[in-house]
Amino acid sequence: MTALVWPEIYFIRHGETPWNAERRYQGRKDIPLNDKGRGQANQNGLTLAALFKARGLDPRAFEWHASPLNRTRDTMDRVRAGFDIHLPDVKYDVRLMEISFGVLEGELFEQLPANMAVAPGERTEDYWDFRPENGENYRDVEARLEEFAAVLTGPSVVVAHGGIARTLRVLIEHAPIIDVINWAPPQDAVMHFTPGRMELLRAGDV
């Protein structure tokens, strides 16, 4: 079998939502950005535009992909507003949607019964295979992201979710699961993925 080769990806997680701030399982629930999240998305657009300029990259040569949920659509719109040229159309792909937490969605991290899930910060490597009732595990997310990779034809900008960022670190960076499972992907940064590497960039790094 031919090994999957990922193109260069500039990845942005959507800005903060009220449920992120409250530390609730969000998953597929279509929760909008809050004021802080809108500000983060605006700043990430300026950061990405500055990065492209500093690195001599033409954003028109990139594919633009996003999850179809409203918080990622809003983030993508704000990111693209950081550029002053016409950009290729965004391709919205269900394979970029957040991991489904099933019956856990809407529940507070701190209030879950011990037999239902483990809150971020306390998870062990085997949590990668944990599938809540009516939900997904990270192996499921790996499978759909590998399908997504097969449609990419060149370098891409991707706006999606925290669970997607964790999984991309495993698939592209080859990060150990134990280093990723409790990692909180930032909402105020650009993640630059190249094979075997993830570079985290904020406004002050450009």
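**Aromatic pairs**

I began with the rings of this predicted model, and found that the structure holds 10 aromatic pairs. The pair I looked up in detail is that of Y25 and F109, whose ring centres lie 4.8 Å apart with the planes at 80°, so I noted the pair as edge-to-face. I then asked which parts of the chain this pair links. Y25 sits in the loop between α1 (18-22) and α2, while F109 sits in the loop between β3 and α4, and the two are 84 residues apart, so that I entered the pair as a link between distant parts of the chain. For burial I looked up each partner separately: Y25 has a relative accessible area of 1% and is buried, and F109, with a relative accessible area of 16%, is buried as well, the cut-off for the term being under 20%.

I also followed the ring pairs that join into a cluster, and its members are Y10, F52, F62, W64 and F83.

**F83, one member of the cluster**

I placed F83 in the loop between α3 and β3 and asked whether this residue is buried or exposed. F83 counts as buried, its relative accessibility being 10%. Setting aside neighbours within four places in sequence, I listed G45, L48, A49, F52, P59 and W64 as its contacts. For G45 I also looked up the separation: F83 and G45 are 38 residues apart in sequence, yet their C-alpha atoms are 7.4 Å apart in space.

**Strand β1 and its partners**

I went next to Y10, another member of the ring cluster, and to the strand that holds it, β1 (residues 9-13), which is mostly covered, with 5 of its 5 residues buried. Reading the side-chain directions, I found I9, F11 and R13 pointing one way and Y10 and I12 the other way, with all of them buried.

Which strand runs parallel to β1? I found that β4 (residues 156-160) does, joined to β1 by 5 bridges; within this pairing F11 stands opposite V158, and I12 has V159 as its bridge partner. With β5 (residues 190-194), β1 pairs in the antiparallel sense over 3 bridges, and here I9 stands opposite F193.

Widening the view to the sheet, I wrote down an open arrangement of 6 strands with mixed pairing, in the order β3-β2-β4-β1-β5-β6. The edges are taken by β3 (90-92) and β6 (197-201), each with a single partner strand, so one side of each is left without a neighbour in the sheet. Neighbouring strands are turned against each other by 25° on average, direction ignored.

**The nonpolar cores**

I then asked which residues have the most contacts inside the largest nonpolar core. They are W6 and F11, in a core of 36 residues. At least two residues of this core come from each of β1, α4 (138-149), β4, α5 (162-173), α6 (177-180) and β5, and α5 gives the most, with 6 residues. For W6, not counting residues up to four places away in sequence, I listed contacts with L145, A149, L152, L168, L171, I172 and P195. I also noted a second, separate core of 18 residues, which includes I12, L48, A66 and M76.

**Helix α3**

M76 took me to helix α3 (residues 70-80), where R71, T72, T75, M76, V79 and R80 are buried. Why do I describe these buried residues as lining one face of the helix? Seen down the axis of α3, they fall within an arc of 160°, and therefore they line one face. I traced what they pack against, and the list comprises β1, α2, β2 (63-66), β3 and β4.

**Q40 in helix α2**

My last entry concerns Q40, which is found in helix α2 (residues 35-55). Its relative accessible area is 13%, so I recorded Q40 as buried. Leaving aside neighbours within four places in sequence, I found Q40 in contact with G15, E16, Q187 and D188. G15 lies 25 residues from Q40 in sequence, and the C-alpha to C-alpha distance between the two is 5.5 Å.

Methods. Residues numbered from 1 in each chain as written. Predicted model: local features only at pLDDT ≥ 70, side-chain atom pairs only at ≥ 80, totals over all residues. Heavy atoms only, no water. Buried < 20%, exposed > 50% of the residue type's maximum accessible area, 1.4 Å probe, protein only. Helix = DSSP H or I, 4+ residues; strand = E, 2+ residues; numbered from the N terminus. Pairing = 2+ DSSP bridges. Core = buried A, V, L, I, M, F, W, Y, C linked by side-chain atoms within 4.5 Å. Contact = heavy atoms within 4.5 Å. Axes fitted to C-alpha atoms, helices over the stretch in contact; angles between N-to-C directions. Arc of directions from axis to C-beta. Phe/Tyr/Trp six-rings, centres within 6.5 Å; stacked < 30°, edge-to-face > 60°.
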